[in-house]
Amino acid sequence: MTAHEHDHDVLRYRRNQRLVHALLASSFVLLLLTGLVLLWEPLGFLAGGGNSRWLHRVGAVGFMAVPIAYLVADRRGAKELLVDSFKYDRDDIEWLKHLYRYAMGHTKEMPPQGRLNAGQKLHHAAVIIVSAAIVGSGLLMWFFGPSLEATGLALTAIVHDVAMLALTLLLVGHLYFTFVYKALSGMTSGWIPEEEARRMAPELLADRRDVLLA
């Protein structure tokens, strides 16, 4: 789209950020579905021939490639996300005190925030930590399963499954806020209405002129 078409829009997510998000989402869904086939008895018949196991590993490779892809595609964005997700100040604490308002879809009375609000920071931080647990435990079972013995393998599998459950719950929360705030278009096109940017991420307005003239 041309700059003229976005005269009243603000760029929320750059193209490379959206591509990395798509890789994360697709690999996670593949891991979740193939994992359920391996764990949930009613779907056990789909595991015949070992295809689900190989698809699970394909999903695992894609999932592990996400941080690398982010660094290659958008190093600045990856650095911002990592730093901001674990950096909190008094404004964030004040925002969290009013989290219930945000959860109900009300933002007008929320304290001002930067590119990410405190809730988004906590969400991203949790996703990073939980994903690390999934990858670490998954690699242990993939390459060192036989040497872990029964107890070690069982404990590793528990960590892996609990972490995947936690990531699934985080996804449910993410989808909830996506639809409450009608934010899907921001990730599909990258652009959000100016009024939404004013409510959700005011600092984006400062970059609007540069984006439209680029």
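Here are some questions and answers about this predicted model.

User: How many helices and strands does the protein chain come to?
Analyst: Let's start by reading along the sequence, where the pattern is β-α-α-α-α-α-α-α-α-β-α-α. Put as a tally, the secondary structure comes to 10 helices and 2 strands.

User: What share of the residues in the protein chain is buried?
Analyst: Buried here means under 20% relative accessible area. The chain has 214 residues, and the buried part of them comes to 31%.

User: What share of the accessible surface belongs to carbon and sulfur atoms?
Analyst: The accessible surface of the protein chain comes to about 13,400 Å². Of that surface, carbon and sulfur atoms hold 68%.

User: Which helix gives the most to the largest nonpolar core?
Analyst: That core has 11 residues in all, including F28, A60, V130 and L167. Helix 1, helix 2 (51-73), helix 6 (118-144) and helix 7 (149-180) each supply at least two of them. With 4 residues, the one that gives the most is helix 7.

User: How many residues make up the other core, the one with W95 and Y102?
Analyst: This core lies apart from the largest one. Among its members are W95, Y102, A118 and Y181. Its count is 5 residues.

User: Leaving aside neighbours within four places in sequence, which residues is A163 in contact with?
Analyst: A163 is itself part of the largest nonpolar core. With those sequence neighbours set aside, its contacts are V130, A133 and I134.

User: Which residues make the nonpolar surface patch of about 390 Å²?
Analyst: One member, L33, is found in helix 1 (residues 15-39). The full patch is made by V29, L33, L36 and W40.

User: Why is the ring pair of Y176 and F177 edge-to-face?
Analyst: Start with the distance: the ring centres are 5.1 Å apart, and pairing asks for centres within 6.5 Å. Next comes the angle, with planes at 75°, and over 60 degrees counts as edge-to-face. So the Y176 and F177 pair is edge-to-face.

User: Is Y176 buried, partly exposed or exposed?
Analyst: Buried means under 20% relative accessible area and exposed means over 50%. Y176 has 40% relative accessibility, so it falls in between and counts as partly exposed.

User: Which residues do ring pairs link into a cluster?
Analyst: The structure has 4 aromatic pairs by count. Two of the residues involved, W95 and Y102, also belong to the core of 5 residues. Together, the cluster linked by ring pairs is W95, Y102, Y176 and F177.

User: How far apart in space are S52 and V37, C-alpha to C-alpha?
Analyst: S52 is found in helix 2, and it is buried with a relative accessible area of 6%. In sequence, S52 and V37 are 15 residues apart. In space, C-alpha to C-alpha, the distance is 7.1 Å.

User: Which residues is T156 in contact with, leaving aside neighbours within four places in sequence?
Analyst: T156 is found in helix 7. At 10% relative accessibility, T156 counts as buried. Its contacts beyond those neighbours are S137, L140, M141 and L148.

User: How many residues apart are D92 and K121?
Analyst: The side chains of D92 and K121 meet in a salt bridge, at 2.9 Å from N to O. D92 sits in helix 4 (residues 90-97) and K121 in helix 6, and the pair links distant parts of the chain. Their separation is 29 residues.

User: Are D92 and K121 buried or exposed?
Analyst: D92 has a relative accessible area of 2%, and K121 has 10%. Being under 20% is what counts as buried. So D92 is buried, and K121 too is buried.

User: Which helix holds both R76 and E80?
Analyst: R76 forms a salt bridge with E80, with the closest N and O atoms 3.2 Å apart. The two are 4 residues apart, about one turn of the helix. That helix is helix 3 (residues 75-85).

User: How many salt bridges does the structure hold?
Analyst: One of them joins K97 and E94 at 3.7 Å, N to O. K97 and E94 both lie in helix 4, 3 residues apart. Across the structure, the count is 3 salt bridges.

Key. Residues are numbered from 1 along each chain as its sequence is written. This is a predicted model: local features need pLDDT of at least 70, side-chain atom pairs count only at pLDDT 80 or more; totals for chains, interfaces and linings use all residues. Side-chain values use heavy atoms; hydrogens and water are left out. Patches are made of residues with over 30% relative accessible area and no salt bridge: like charges are joined within 9 Å, nonpolar side chains (Val, Leu, Ile, Met, Phe, Trp, Tyr) within 5 Å. Accessible areas come from the Shrake-Rupley method with a 1.4 Å probe; for residues, only the protein chains shown count as cover. A salt bridge is a side-chain nitrogen of Lys or Arg within 4 Å of a carboxyl oxygen of Asp or Glu. A nonpolar core is a set of buried Ala, Val, Leu, Ile, Met, Phe, Trp, Tyr and Cys residues joined through side-chain atoms within 4.5 Å. Buried means under 20% relative accessible area, exposed over 50%, partly exposed in between (1.4 Å probe, protein chains only). Contact means heavy atoms within 4.5 Å. Rings of Phe, Tyr and Trp (its six-membered ring) pair if their centres lie within 6.5 Å; planes under 30 degrees apart count as stacked, over 60 as edge-to-face and the rest as tilted.
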